[in-house]
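Here is a walk through one protein model, written for someone who likes to have the chain open on screen. We'll take the burial of side chains, then a pocket, then the charged pairs.

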Amino acid sequence: MQLKRREFIKIMAAGAVAAVAHPPTLALANKSAVTIEAPATAARNAQVNIRLQITHRGNNFIHYTNWVTLRTEEGEIGRWDFSAFDRPENNEFSREVIIAMEGTTQLIAQANCNIHGSEGEARHTIVVQDR
């Protein structure tokens, strides 16, 4: 009888750990995704606000968006790194940057879940118009 009690206690303890480590929201978890909000056109040398909208269900200390990047074909414009104890503020969050438009620019953004990965890159082109 003693062995059965121990096994029961082990199973209950494992269940309690699993419930804390993997709450029910984790069952709905997905890959991190990003969209780019920016104008389609801009004047040369204009300062343009670029907003990244990131979505990821189930953020917790084990499972979270661990990085977000914004780049052009010339290189990285912005990068935000997160950790288990410095996670994004919500399942949906945003980050913004301002860039000077020197020429037509292709923006490339990506967000990544530390467990499930990324939904892929988001792209947006801002065409510079001489006015």
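## Ground rules

Let's start with burial: a residue is buried under 20% relative accessible area, exposed over 50%, and partly exposed in between, using a 1.4 Å probe and protein chains only. By that yardstick Thr105 is buried, because its relative accessibility is 14%.

Keep in mind that this is a predicted model, so local features need pLDDT of at least 70 and side-chain atom pairs count only at pLDDT 80 or more, while totals for chains, interfaces and linings use all residues. Numbering runs from 1 along each chain as its sequence is written, and side-chain values use heavy atoms, with hydrogens and water left out.

## Thr105 and its surroundings

Thr105 sits in strand E7; strands (E, at least two residues) and helices (H or I, at least four) are DSSP runs, numbered from the N terminus. What does Thr105 touch, not counting residues up to four places away in sequence? Its partners are Thr72, His124, Thr125 and Ile126, where contact means heavy atoms within 4.5 Å.

There is also a link to Gly103: a polar atom of the Thr105 side chain lies 2.8 Å from the backbone oxygen of Gly103.

## The largest pocket

Both Gly103 and Thr105 turn up in the lining of the largest pocket, together with Thr72, Glu73, Glu74, Ile77, Ile99, Ala100, Met101, Glu102, Thr104 and Gln106. Strand E6 (92–100) and strand E7 (105–113) are the elements that give two or more residues to that lining. A pocket here is an open set of points on a 1 Å grid over the protein atoms alone, where a 1.4 Å probe fits, with protein on both sides within 12 Å along at least five of seven lines; lining residues have an atom within 4 Å of a point.

The space inside comes to about 230 Å³, a volume being what is filled by probe spheres set on the points, with grid points joined across faces, edges and corners. As for chemistry, the lining splits into four nonpolar, five polar and three charged residues. In this scheme Ala, Val, Leu, Ile, Met, Phe, Trp, Tyr, Cys and Pro are nonpolar, Asp, Glu, Lys and Arg are charged, and the others, Gly among them, are polar.

## Phe82 in its loop

Phe82 is found in the loop between strand E5 (75–81) and E6. Is Phe82 buried or exposed? Phe82 is buried, because its relative accessible area is 12%.

Its contacts, again not counting residues up to four places away in sequence, include Tyr64, Trp67, Pro88 and Phe93. Trp67 is 15 residues from Phe82 in sequence, yet their C-alpha atoms are 5.8 Å apart.

## Salt bridges

Count a salt bridge whenever a side-chain nitrogen of Lys or Arg is within 4 Å of a carboxyl oxygen of Asp or Glu, and you get seven. Glu37, Arg51 and Glu96 form a linked network. Within it, Glu37 pairs with Arg51, with the closest N and O atoms 3.5 Å apart; Glu37 is in strand E1 (residues 33–37) and Arg51 in strand E3 (residues 47–55). Glu96 meets Arg51 at 3.1 Å, N to O. Since Glu96 lies in strand E6 and Arg51 in strand E3, this pair ties together parts that are 45 residues apart in sequence.

Another bridge joins Arg44 to Asp130 at 2.8 Å, N to O. Those two are 86 residues apart, with Arg44 in the loop between strand E2 (41–43) and E3 and Asp130 in the segment after strand E8 (122–129). Arg44 is partly exposed at 39% relative accessibility, whereas Asp130 is exposed at 60%.

Terms used. Polar contact = N/O pair within 3.5 Å; in protein donor to acceptor, adjacent residues only side chain to side chain.
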